[in-house]
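Hi there,

Here is the structure I promised to pass on to you. Have a look at it first, and then read on for what I found.

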Amino acid sequence: MPARTVSLIGSTGSIGTQAIDVVRAEPDRYRVIALAASTSVDELAAQAEELRPDVVAIADASLAPKLRELVPDGVEVMAGPESLAALATEADVIVNGVVGFAGLGVTLAALRAGRRLALANKESLIAGGPVVQRARATEGAEILPVDSEHCAVHQCLRGNPIERVGRLVITASGGPFRGRSSAELADVTVEEALAHPTWSMGPKITVDSSTLMNKGLEVIEAHELFGQGPSGPLSGPEGYDRIDVVVHPQSVVHSMVEYTDGATMAQLSMPDMRLPIGYALAYPDRGEAPWGAIDWSTLGRLDFEPPDHDNFPCLGLAYEAGRAGGDAPATLNAANEVAVAAFLDGLISWLAIADILKETLDRHNGGRLETAEDVVEADRRARERARLAVERRTESR
Ligand code: MG
């Protein structure tokens, strides 16, 4: 069999480097034909040296001359923010590991080209919902989620009729602040928020995990991925009634599907993102490297508890935005990116993140998303409002 070709967009980030591990484990099976990063030029060049892709791209065009100097002869160099999406149309599988809303162009380009999109950039699907769904209808286009929970749901749905789904149960580790009271949450530091108990991820998603916003975004993501079609059990605003979240601190059960006959299917493995990445690359086959295999002699116990909605209001805000639909998820996502960046910069407290989201959502008018430009505009407006909300807080400090 010829090697399956892979484009890695966001190749120097957490998802990108782990995707390279997956490729290294089965070098005859995959051929990386394109690599793209936003600014990490040295690391990108080192990856190009090892993997010998046809083309590399750097979003920050000012770094292009340096990249040209560093990459091996014969590797084409592209530059500029548009170059990332330009690399998302050729390979059999496009891995979108771009962080945040900037990944929208890559998602749309891959789907419109009728490719398989291995999607780690959940923000593009959440913010761009209706527009991404239209692109997904392109012949040959498909989304394989590179998110442990949705990869688990994807596996639990295989071979079962979607109309017999009773509910999805999305698991959450609970993050580093699980079990804390609101008083204890008032002065948590950036360092504490970045110390995730089970997963090693980038800073933005790690903060999202500490607020449970990551889980909220994943509820919307699950609705987008599995709730399509006019009459499926997960479709429409009522579909959200069938997506539950349960806190599971060990992060071994990655999510579950309960069927109408009462049976629950779960997918278990040790927390290791290389499993969902490998699944998305190999599907419908499976990979050969046992990334998340469980040692049952040391596993101990698996605990489950309901989420604490009072101290982690971001989760409820996400359900609200999801049910509202239209531009509400884009608004929530944009406000969250602004608020998290302000928290990481030391401008606002951890508790203020949820307040800023609520304020931004309350002030948004509600609108439909017909085109990619509508998504960009909804995102821009929400960022503006969220920045004002941040400024009001920094001035009063
Ligand atoms: Mg996840």
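In what order do the seven strands of the open sheet stand? Keep in mind that this is a predicted model. Going across the open sheet, the order is β4-β3-β2-β1-β5-β6-β7, and the pairing is parallel. As background, strands of a sheet pair through backbone hydrogen bonds, either parallel or antiparallel.

Which strands stand at the edges? They are β4 (76-79) and β7 (142-145); each has a single partner strand, so one side of each is left without a neighbour in the sheet. If you follow the sheet across, the twist averages 20° from one strand to the next.

For a closer look at one pair, try β5 (residues 93-96) and β6 (residues 116-119). These two run parallel and are joined by four bridges. Val-93 is a handy place to begin, as Arg-116 in β6 stands opposite this residue.

Next, turn to the helix that packs on the sheet. Helix α2 (residues 41-51) touches β2 (30-37) and β3 (55-58), and the direction of α2 makes about 165° with that of β2. One residue to pick out in helix α2 is Gln-47. Is Gln-47 buried or exposed? Its relative accessible area is 7%, under the 20% cut-off, so Gln-47 counts as buried. Leaving aside residues up to four places away in sequence, Gln-47 touches Ser-11, Thr-12, Thr-17, Ile-20, Leu-35 and Arg-52.

Now for the metal. Which protein donors does the magnesium ion have? They are Asp-147 (OD), Glu-149 (OE) and Glu-218 (OE), lying 2.0 to 2.1 Å from the ion. Along the chain, these donors follow the spacing D-x1-E-x68-E. Glu-149 sits in helix α8 (residues 148-157) and Glu-218 in helix α12 (residues 213-226), so this pair links distant parts of the chain, 69 residues apart. Both Glu-149 and Glu-218 are buried.

Finally, there is a pair of helices to find. The axes of α14 (residues 314-324) and α15 (residues 328-344) come within 7 Å and cross at roughly 145°. On the α14 side, the contact is made by Leu-317, Ala-318, Ala-321, Gly-322 and Ala-324; on the α15 side, by Ala-328, Pro-329 and Leu-332. How do the residues of this contact divide into nonpolar, polar and charged? Seven are nonpolar, one is polar and none is charged.

Enjoy exploring, and write back with any questions!

Best wishes

Notes: Residues are numbered from 1 along each chain as its sequence is written. This is a predicted model: local features need pLDDT of at least 70, side-chain atom pairs count only at pLDDT 80 or more; totals for chains, interfaces and linings use all residues. Side-chain values use heavy atoms; hydrogens and water are left out. Axes are lines fitted to C-alpha atoms, for helices over the stretch in contact, and angles run from 0 to 180 degrees between N-to-C directions. Contact means heavy atoms within 4.5 Å. Ala, Val, Leu, Ile, Met, Phe, Trp, Tyr, Cys and Pro count as nonpolar, Asp, Glu, Lys and Arg as charged, and the others, Gly among them, as polar. Two strands pair if DSSP finds at least two bridges between them. Donors are N, O and S atoms within 2.8 Å of the metal (3.2 Å for Na, K and Ca); water is not among the atoms, so sites may look incomplete. Buried means under 20% relative accessible area, exposed over 50%, partly exposed in between (1.4 Å probe, protein chains only).
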